[in-house]
Amino acid sequence: MISIRPHTNVLVLTGAGISAESGIRTFRDSGGLWENHRVEDVASPLGFRRDPRLVWSFYKKRWEDAQLATPNTAHLALAELEQKLGNNFNLITQNVDGLHYKAGNRRVWEMHGSLNHCYCTNCEAGYSLREINLSEDLPGCPACKGLLRPDIVWFGEVPYFLPEIEEALKVCEIFLVVGTSGAVYPAAGFVMSAKLMGAQTLAINLDKPDNLGFIDHFFQGKSGEVLPKLLAEWYQN
Ligand code: OAD
C-alpha cells in the first residue's frame with residue numbers, strides 16, 4: 001500500500017531518464033560515447049586540463065540544447081507534488097539540465113552541478129553562463145581573468161550536497177527514484193541507505209535499474225506516462 005499525505009516526507013532522486021521525453025539523451029543510451037566524445041575526454045578534470053577548448057565547446061552546446069528543452073509531464077508532476085508537500089518534499093537530481101527548476105521545483109539539490117553555471121579555476125568565483133562572454137573559446141573570469149570551467153561534477157570529483165542528502169535519507173518515509181540506471185555512485189547507493197533507514201522505496205524506469213534489489217515497488221515504463229498517474233493515485237489529502 002503506497003500513500004502520500006501532506007505530512008508524508010518524500011525524497012525523490014531523478015536521473016537522465018526523466019529528461020528523455022524532453023529530448024535530452026541519456027548516458028547509457030549513447031554506448032559509452034557522449035555526443036561522439038569519450039566520456040573521460042569531456043567529463044573529467046584530466047580531460048579539461050588536456051583540452052579545455054573541446055570541453056567548453058561540448059558544454060556550450062549542451063547548455064544551448066538545455067535552454068531550448070521544456071519540462072515534460074514527469075517534471076511537472078514533481079513540481080505539483082512539491083506544491084502539495086512543501087517542506088516535506090526534497091528532490092535530488094543527477095541531471096544538469098535545469099529542467100526541474102524550469103518546471104517549478106525549488107527544493108532541488110543538483111548533485112552533479114548545473115549547465116547553467118560555471119566557476120573560476122583560479123579565484124573560484126561563480127557565474128551564470130548568461131553573464132559571461134561565451135563567444136571566446138576559453139571563457140575568462142570577469143574578476144581575475146582566470147580560466148572558467150563548467151560547474152559540472154566530473155568523474156573523480158565529489159558530488160554536491162552530500163551532507164544535506166544524508167540527512168534527508170534518514171528522515172524520508174518514501175524514497176522515489178525516477179529515470180536512473182542505478183549504475184553511478186554515490187547516487188546509486190541512496191536507495192539502499194533509505195531502505196535500511198526505514199523508508200518505503202519506489203522506482204519508475206524504462207529498464208530495470210542495477211539496484212533493483214533495494215526497491216520495494218518497481219514500475220516499468222516511461223516516466224512522463226507513468227509518474228503523473230501514480231502520483232495522482234498515491235496522493236490523498
Ligand atoms: P543513465 O543514462 O545511466 O540511465 C538512464 C535510465 O533512464 C536508464 O536506465 C533508462 O532505462 C531510463 N530511461 C530512459 N528513458 C526513460 C523514460 N522516458 N522514462 C523513464 N526512464 C527512462 O542516466 P543516469 O542514471 O542519470 O554523471 O546516470 C547517472 C550519471 O551517470 C549521470 O548523472 C552522469 C552519468 O555519467 C555525471 O555526469 C557526473
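## Cavities and the ligand site

The largest cavity has a volume of about 80 Å³, and it belongs to a predicted model in which a search of the whole structure finds three cavities of 30 Å³ or more. Its lining is formed by Ala16, Ser19, Ile24, Arg25, Thr26, Phe27, Arg62, Asn95, Val96 and Asp97, a set that divides into four nonpolar, three polar and three charged residues. At least three of these lining residues come from each of domain 1 (1-24 + 71-112 + 159-237) and domain 2 (26-68 + 115-152).

The second largest cavity holds about 40 Å³ of space, and its lining, which includes Leu13, Gln94, Val177 and Thr180, has five nonpolar, four polar and no charged residues.

The ligand sits in the largest pocket, where 23 residues surround it, the closest being Glu21, Arg28, Thr180, Ser181 and Asp207. By class, this shell has eight nonpolar, eleven polar and four charged residues, and domain 1 (1-24 + 71-112 + 159-237) and domain 2 (26-68 + 115-152) each supply at least three residues to the shell. Thr180 thus appears both in the lining of the second largest cavity and among the closest residues to the ligand.

Three polar contacts of the ligand are set out below.

| Protein atom | Ligand atom | Distance |
|---|---|---|
| His112, polar side-chain atom | oxygen | 2.9 Å |
| Thr180, side-chain N or O atom | oxygen | 2.6 Å |
| Ser223, backbone N or O atom | nitrogen | 2.8 Å |

Taken alone, the ligand exposes 790 Å², and the protein buries 95% of that area.

Technical notes:
Residues are numbered from 1 along each chain as its sequence is written. This is a predicted model: local features need pLDDT of at least 70, side-chain atom pairs count only at pLDDT 80 or more; totals for chains, interfaces and linings use all residues. Side-chain values use heavy atoms; hydrogens and water are left out. On a 1 Å grid over the protein atoms alone, a cavity is a set of points where a 1.4 Å probe fits but cannot get out, and a pocket is an open set with protein on both sides within 12 Å along at least five of seven lines; lining residues have an atom within 4 Å of a point. Grid points are joined across faces, edges and corners, and a volume is the space filled by probe spheres set on the points. Ala, Val, Leu, Ile, Met, Phe, Trp, Tyr, Cys and Pro count as nonpolar, Asp, Glu, Lys and Arg as charged, and the others, Gly among them, as polar. Domain bounds come from an automatic or database domain assignment. A residue is near a molecule or strand if one of its heavy atoms lies within 4 Å of it. A polar contact is a pair of N or O atoms within 3.5 Å; within protein, one must be able to donate a hydrogen and the other to accept it, and residues adjacent in sequence count only if both atoms are side-chain atoms. Accessible areas come from the Shrake-Rupley method with a 1.4 Å probe; for residues, only the protein chains shown count as cover. A molecule sits in a cavity or pocket if more than half of its atoms lie within 2 Å of its grid points.
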